[in-house]
Amino acid sequence: MSHHQVTAKLSALFMRRVSPRFFSAPVNRTSLDVSTTMLRPTFWVRNLSGLAPAGKPEEKKESSDVKQNNKAIVSSYWGISPSTVTNEDGSAWKWNCFRPWETYKADLSIDVKKHHNPVKFMDKFAYWTVQALKVPTTLFFQRRHMCHAMLLETVAAVPGMVGGMLLHFKSLRKFEQSGGWIKALLEEAENERMHLMTFLEIAQPQWYERAIVFAVQGVFFNAYFVAYLASPKLAHRIVGYLEEEAVISYTEFLKDLDNGTMENVPAPAIAIDYWRLPADSTLRDVVMVIRADEAHHRDLNHYASDIQCQGLELKEAPAPIGYH
């Protein structure tokens, strides 16, 4: 068999496999006149046709309810439709990543200088672990606060998710309640992620910073996962000290904003809506509320560690849901 014959056979086999997916000619079941059907050279039409059985009333509803814009095609066949959310003044809510009832005013009265004095061996191990991790980041970022903050938030959002996930599995495995700690830790993770989304509205990381985040997140996730399995009280203590360092970092951020080293640009819209800030707020106001959030996370994790250091389980103490 020649080379051209082999190529022709492979091409024919390929087209037989691919044609039914990308080129469909649906049959009109309501009429015997097949001349009205059209060849549709798009695979998504075929996929959408499988949402409802042919000939059912839902098919007509689907064809009238499917809405197409520049971004997405939405079908109401499954009974799910975009919710209409409005602000207090009746205007449309523009954020999909959070809702009005998830916004809040940060408590700026919290003590940002509070520190857990490491006395026991476990506390000292957690403290010096964080201090060791602090050295390379300080040397790398120095006074580049925006880049430092973005890296910090990609790491700070990991512990709450890992802790909440493991407590979730524990609750399922042992058929018991969590005392609200699953929700509290997931709230912390989401709040840290919103910090990152806010900074991304102001600056974008360079390619090498993205590479650092990719590597650090992979290492930190697995390390914290193992630490939480081995000793949850140690894991929470480490996070408590990490949050203490975050408060210090944002304090230095504020100093450079105050002395003019960094430009105090207007606050992004996402921050104004998320923290219910005044419309004329600036970057300084944003850093203030983020620092307050970090201080609350510091207290929550030290509190969680203290509970377990006293021989109790987290479920035995009500979780401070919505504490930040």
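Tutor: A salt bridge is a side-chain nitrogen of Lys or Arg within 4 Å of a carboxyl oxygen of Asp or Glu. Keep that in mind as we look at this predicted model.

Student: Why is the contact of Asp-258 with Arg-284 called a salt bridge?

Tutor: The closest N and O atoms of Asp-258 and Arg-284 are 2.6 Å apart. The cut-off is within 4 Å, so the pair qualifies as a salt bridge.

Student: What makes this pair a tie between separate parts of the chain?

Tutor: Asp-258 belongs to helix α8, whereas Arg-284 belongs to helix α10 (residues 283-309). The two parts are 26 residues apart in sequence, so the salt bridge ties them together.

Student: And how do you know that Arg-284 is partly exposed?

Tutor: Arg-284 has 28% relative accessibility. Buried means under 20% and exposed over 50%, with partly exposed in between, so Arg-284 counts as partly exposed.

Student: Why is the pair Glu-245 and Lys-134 called a salt bridge?

Tutor: Their closest N and O atoms are 3.1 Å apart, and the limit is within 4 Å, so the name fits. This pair links distant parts of the chain: Glu-245 sits in helix α8 (residues 232-258) and Lys-134 in helix α4 (residues 121-141), 111 residues apart.

Student: Is Glu-245 buried or exposed, and what about Lys-134?

Tutor: Glu-245 has a relative accessible area of 13%. Buried means under 20%, so Glu-245 is buried. Lys-134, at 32%, falls between the two cut-offs and therefore counts as partly exposed.

Student: How do you know that Glu-252 and Lys-255 form a salt bridge?

Tutor: The N to O distance is 3.3 Å, and the definition asks for within 4 Å, so they form one. Both residues lie in helix α8, three residues apart, about one turn of the helix. Glu-252 has a relative accessible area of 23%, and Lys-255 has 45% relative accessibility. Partly exposed runs between 20% and 50%, so Glu-252 is partly exposed, and so is Lys-255.

Student: How many salt bridges does the structure hold?

Tutor: The structure holds 13 salt bridges.

Student: Let's turn to the surface. Which residues make the nonpolar patch?

Tutor: Phe-140, Trp-207 and Tyr-208 make a nonpolar surface patch of about 360 Å².

Student: Why is Trp-207 called exposed?

Tutor: Trp-207, which lies in helix α7 (residues 207-230), has a relative accessible area of 68%. Exposed means over 50%, so Trp-207 is exposed.

Terms used: Residues are numbered from 1 along each chain as its sequence is written. This is a predicted model: local features need pLDDT of at least 70, side-chain atom pairs count only at pLDDT 80 or more; totals for chains, interfaces and linings use all residues. Side-chain values use heavy atoms; hydrogens and water are left out. Helices (H or I, at least four residues) and strands (E, at least two) are DSSP runs, numbered from the N terminus. Buried means under 20% relative accessible area, exposed over 50%, partly exposed in between (1.4 Å probe, protein chains only). Patches are made of residues with over 30% relative accessible area and no salt bridge: like charges are joined within 9 Å, nonpolar side chains (Val, Leu, Ile, Met, Phe, Trp, Tyr) within 5 Å. Accessible areas come from the Shrake-Rupley method with a 1.4 Å probe; for residues, only the protein chains shown count as cover.
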